Amino acid sequence: MSAAAPTLHGLAAGETGRPDSADWTIPQRWSDYTAEEHAVWKILFERQTALLPGRACDEFVQGMRDLPLEADRIPDFRALNDVLKPKTGWEIVAVPGLVPDDVFFAHLANRRFPSGQFIRQANQLDYLQEPDVFHDVFGHVPMLMNPVMADFIQAYGEGGLRAQKLGTLALLARVYWYTVEFGLVQQADGLRLYGAGIASSRTESVFCLDDDSPHRVAFDLPRVMRTHYRIDDFQEIYFVLNHLDDLLELARVDFEPLYRAVSGMSAFQPGDLAPTDRVLNRGTGAYAARQRLATQQKG
Ligand code: HBI
Ligand code: FE
């Protein structure tokens, strides 16, 4: 595994220990952040804002511009909510880290976005096991300022609660992964990123757009549902929306018949291409091959 590749959401939920509140929220305690913690935010904020022009989609850039985010300090959720809530009805709540799936979905279904309260350590800038305040706020909140994404993530929360009952959560989670976390979108002036996992990653925000290794394939819902994803390294495939508005339609689709259809089909590994794929860029797979070789040599 590459030390530079962040592990996002790679821990099983619940490993942090349950806090007192049933919905897992905790106070942000903004005034308790130390100078060192604000300094970590500043490093991450400055290097990501330098990388995103020409890489992040217009909606992300606009959301970022409208939010009271600054290099010098970890944002106070109260100030963010003063802007976010009137705009799309979303609110940020603080949590210790990963929360159980049902808790996560219930928050999203009610337009509350759980954000890690903590920030990663200065010696682990590119590595995180659980979503921290930088990933959650810098990566997710700009897109929550967009009405399309605002509706889509709420629908994901509602769909998640249903999928848990149906036993199809793994299929739905792939849709979230390949859109909200690692999605790309075709813009008039080129390919752009909108996924929070890549927007908040120094290395993958470049890799996902500029590297020859990964496949870039037109988004197709059943195809995405059949595709495994990597939590331990860069993605081997990115799915590309024609337009962010495509998420609106996705939010309205009845997933139940799709779950039934897709459950009976074979799954794709992250590096696979399917005969029916509309391939925008056929990846060389060179990066993934190098990583596999390195792992073999170690083992
Ligand atoms: N908890 N805080 C937090 N953030 C997440 O993104 C998250 C989570 N719990 C579960 C989860 N994501 C995923 O397993 C679901 O989206 C499937
Ligand atoms: Fe995330």
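A residue counts as buried when its relative accessible area is under 20%. Keep that cut-off in mind, everyone, and good morning. What I'm showing today is a predicted model.

Let's begin with Cys208. This residue sits in helix α9, which covers residues 204–210. Is Cys208 buried or exposed? Its relative accessibility is 0%, and the cut-off is under 20%, so Cys208 is buried. Which residues does Cys208 touch, once we leave aside its neighbours within four places in sequence? They are Leu184, Leu193, Ile198, Arg216 and Tyr238. For those of you curious about Met64, that residue is 144 residues away from Cys208 in sequence, and the two C-alpha atoms are 20 Å apart in space.

Now, over to the metal. Ligand 2 is an iron ion, and its coordinating atoms come from His135 (NE2), His140 (NE2) and Glu181 (OE), at 2.0 to 2.1 Å. If you like to read motifs along the chain, the donors follow the spacing H-x4-H-x40-E. Two of these donors are worth placing on the fold. His140 belongs to helix α5, residues 133–144, while Glu181 belongs to helix α7, so this pair ties together parts that lie 41 residues apart in sequence. How accessible are they? His140 has a relative accessible area of 3%, so it is buried. Glu181 is buried too, with a relative accessibility of 0%.

That brings us to α7 itself, residues 169–181. Of its 13 residues, 12 are buried, which means that the helix is largely enclosed by the rest of the structure. Among the buried ones are Arg174, Trp177 and Tyr178, along with Glu181 from the iron site.

And what does α7 pack against? One partner is helix α6, residues 147–166: the two helices meet at an angle of about 165°, with their axes 9 Å apart. Because of that angle, α6 runs roughly antiparallel to α7. The crossing of α6 past α7 is left-handed.

If you zoom in on this contact, the α6 side offers Met149, Phe152, Ile153, Tyr156, Gly159, Gly160, Ala163 and Gln164. Facing them from α7 are Leu169, Leu172, Ala173, Val175, Tyr176, Thr179 and Val180. Sorted by class, the contact has 11 nonpolar residues, 4 polar ones and no charged ones.

To tie it up: α7 is the helix that packs with α6, and α7 also carries Glu181, one of the residues that coordinate the iron ion. Thanks for listening, and I'm happy to go back to any of these views.

Definitions and conventions: Residues numbered from 1 in each chain as written. Chains lettered and ligands numbered in written order. Predicted model: local features only at pLDDT ≥ 70, side-chain atom pairs only at ≥ 80, totals over all residues. Heavy atoms only, no water. Axes fitted to C-alpha atoms, helices over the stretch in contact; angles between N-to-C directions. Helix = DSSP H or I, 4+ residues; strand = E, 2+ residues; numbered from the N terminus. Parallel < 35°, antiparallel > 145°, perpendicular 65-115°, else oblique. Left-handed = near helix turned anticlockwise from the far one by under 90°. Contact = heavy atoms within 4.5 Å. Nonpolar A, V, L, I, M, F, W, Y, C, P; charged D, E, K, R; others polar. Donors = N, O, S within 2.8 Å, 3.2 Å for Na, K, Ca; no water. Buried < 20%, exposed > 50% of the residue type's maximum accessible area, 1.4 Å probe, protein only.
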